[in-house]
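Biologist: I would like to learn how to read a model like the one below. Please take me through it feature by feature.

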Amino acid sequence: MKKSNNGSGIIWVITVIMVLSIIVVGALSFAYYTSASTINKASTMQAEMDARTAVQAVVLSLEASIGAENGVPNTVTSKTDLEINLPNEKTEVLDAYIQRTSSEELIVFVEVRYKNMRSNCKAYMFYESSQWRILNYEVGDAT
């Protein structure tokens, strides 16, 4: 048998190595993208849970109190800022307040940041039978 010395074997080896390299780089890029996406989704969910937890703590406190003036603003459209400490040390409370929207309605608002994700939660409450009661929760991403 006569061997070919035109170098086609080395070209095939280089081609196969290049194709395999492209496949490996593509797989690694996909793995990185899905990992980063999962981390962002988990951070978003944590921010939403922390915001809702903070609002629920304020709501429960208001529901348990008797009388309309326990930390609630006295006049319509006025706000009372809240100081909220969350058990999760990585979560920062950016804004928290109670705002009266009418004589019998108010909003409890909390905005938090967990890692690089922000979220907020609002609780709409109404005054009935000498107590504040929850009407609705609204959770959303902050802008």
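Modeller: What follows goes from the whole chain to single residues.

Modeller: This is a predicted model, where local features need pLDDT of at least 70, side-chain atom pairs count only at pLDDT 80 or more, and totals for chains, interfaces and linings use all residues. Residues are numbered from 1 along each chain as its sequence is written, and side-chain values use heavy atoms, with hydrogens and water left out.

Biologist: What average pLDDT does the chain have?

Modeller: pLDDT is the predictor's confidence in each residue, from 0 to 100. The chain averages 86, and 90% of the residues score at least 70. Among the elements, β3 has the highest mean, 92, and strand β5 (residues 131-141) the lowest, 84.

Biologist: How many helices and strands does the chain have?

Modeller: Helices (H or I, at least four residues) and strands (E, at least two) are DSSP runs, numbered from the N terminus. This chain has one helix and five strands, in the order α-β-β-β-β-β from the N terminus on.

Biologist: How do I read the radius of gyration of the chain?

Modeller: The radius is taken over C-alpha atoms, and the globule rule is 2.2 Å times the number of residues to the power 0.38. A compact globule of 143 residues would come out near 15 Å, but this chain has 28 Å. Along the principal axes, its C-alpha atoms fill a box of roughly 105 × 25 × 20 Å.

Biologist: What share of the residues is buried?

Modeller: Buried means under 20% relative accessible area, exposed over 50%, and partly exposed in between (1.4 Å probe, protein chains only). Buried residues make up 28% of the 143 in the chain.

Biologist: Is T44 buried or exposed?

Modeller: T44 lies in helix α1 (residues 8-64). T44 counts as buried because its relative accessibility is 16%.

Biologist: And where is Y114?

Modeller: Y114 lies in strand β3. Its relative accessible area is 11%, so Y114 is buried as well. Contact means heavy atoms within 4.5 Å. Leaving aside neighbours within four places in sequence, Y114 is in contact with S43, Q46, A47, D50, N88, K90 and T91. The C-alpha atoms of Y114 and Q46 are separated by 6.9 Å, although the two residues are 68 apart along the chain.

Biologist: What about contacts across the chain in general?

Modeller: Among contacts between residues at least 6 apart in sequence, 47% join residues at least 24 apart.

Biologist: Which residues does E104 contact?

Modeller: E104 sits in the loop between β2 (91-102) and β3 (105-114). Outside its neighbours within four places in sequence, E104 is in contact with M125, F126, Y127 and W132. E104 counts as partly exposed because its relative accessibility is 46%. The C-alpha atoms of E104 and T44 are 33 Å apart, with their positions 60 residues apart along the chain.

Biologist: What should I know about the sign of phi?

Modeller: Most residues other than glycine have a negative phi. K115, in the loop between β3 and β4 (117-128), has a positive phi near 55 degrees and is not a glycine. S129 also has a positive phi, about 55 degrees, and is not a glycine.

Biologist: Where is S129, and is S129 buried or exposed?

Modeller: S129 is in the loop between β4 and β5. With a relative accessible area of 62%, S129 is exposed. The C-alpha atoms of T44 and S129, 85 residues apart along the chain, are separated by 37 Å.
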